[in-house]
Amino acid sequence: MGILDALLGNASETNAQEIQVELSQLLAPGEEVRNAYAVIRDLLVFTTKRLILVDKQGVTGKKREYLSLPYRSIERFSMETTGHFDLDAELKIWVRGQTEPISKTFRNDKNIYDVYRALSQFAV
C-alpha cells in the first residue's frame with residue numbers, strides 16, 4: 001500500500017503472512033489469516049474463524065483496539081459505492097445483538113468490492 005493511498009483512505013490488500021505474524025498473540029491455535037485489507041491505518045482481517053477489525057489509535061498508532069466478530073454473529077452487510085459527486089464508499093456490517101451497524105468508509109476506492117466479496121465468502 002502506498003503512502004498516498006493510506007492518507008486518502010483507499011483500501012488495499014495486505015500481505016496475509018505479515019498480518020498472521022503481527023496478530024499471532026491473538027489468533028487461536030490453528031487459526032489462519034486468509035485476507036487482510038488496510039484502510040488508512042486500520043485493518044480488516046479475515047481469518048478461518050472470524051473477522052478482526054483493528055483500530056489503530058493515537059499519533060503513532062501504537063495503541064490498538066481489536067474487535068473480534070465471529071462469522072456466525074454477522075447478520076447482514078451492505079455496500080454503498082461512490083458516485084460522481086459523492087467520492088466516499090461505505091461498508092456496513094450488522095452484528096447480532098447490536099442495533100447500529102459497524103461502518104467503514106472508503107474514499108474513491110475500488111477495493112471495497114474485494115472486501116465485500118471476502119465478507120460474502122466468509123460470513124455465510
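At 23% relative accessibility, D114 counts as partly exposed, since that label covers everything between buried (under 20% relative accessible area) and exposed (over 50%), with a 1.4 Å probe and protein chains only. Its partner R117 comes out at 53% and so counts as exposed. The two form a salt bridge, with the closest N and O atoms 3.0 Å apart; the term asks for a side-chain nitrogen of Lys or Arg within 4 Å of a carboxyl oxygen of Asp or Glu. D114 and R117 both sit in helix 3, three residues apart, about one turn of the helix. Helices here are DSSP runs of H or I with at least four residues, strands are runs of E with at least two, and both are numbered from the N terminus.

A word on where this comes from: the model is predicted, so local features need pLDDT of at least 70 and side-chain atom pairs count only at pLDDT 80 or more, while totals for chains, interfaces and linings use all residues. Residues are numbered from 1 along each chain as its sequence is written, and side-chain values use heavy atoms, leaving out hydrogens and water.

Now to the sheet. Three strands make an open sheet in the order 6-7-8, with antiparallel pairing; two strands pair if DSSP finds at least two bridges between them. Strand 6 (74-80) and strand 8 stand at the edges with a single partner strand each, so each has one side without a neighbour in the sheet. On average, neighbouring strands of this sheet are turned by 15° against each other, direction ignored. Helix 3 (residues 112-122) packs on this sheet and touches strand 6, strand 7 and strand 8, where contact means heavy atoms within 4.5 Å. The helix direction makes about 160° with that of strand 6; axes are lines fitted to C-alpha atoms, for helices over the stretch in contact, and angles run from 0 to 180 degrees between N-to-C directions.

Strand 7 (residues 88-95) and strand 8 run antiparallel and are joined by six bridges. They form a hairpin with six residues between them, and G97 in the turn has a positive phi of about 90°. Across this pairing, I93 stands opposite I102, and L91 has K104 as its bridge partner.

Look along strand 8 (residues 102-107) and you'll see the side chains alternate: I102, K104 and F106 point to one face and are buried, while S103, T105 and R107 point to the other and are not. So what does the side chain of K104 meet in a salt bridge? The partner is D42, at 3.7 Å from N to O. That pair links distant parts of the chain, K104 in strand 8 and D42 in strand 3 (residues 42-47), 62 residues apart. Both K104 and D42 are buried.

D42 also turns up among the residues that K56 touches, along with E22, R41, G61, K63 and R64, not counting residues up to four places away in sequence. K56 belongs to strand 4 (residues 50-57). This lysine is buried yet has no salt bridge: the nearest side chain of opposite charge, E22, is 4.3 Å away. For charge, Lys and Arg count as positive and Asp and Glu as negative, with His and the chain ends not counted.

The structure holds five salt bridges, including one between R34 and E32, with the closest N and O atoms 3.9 Å apart.
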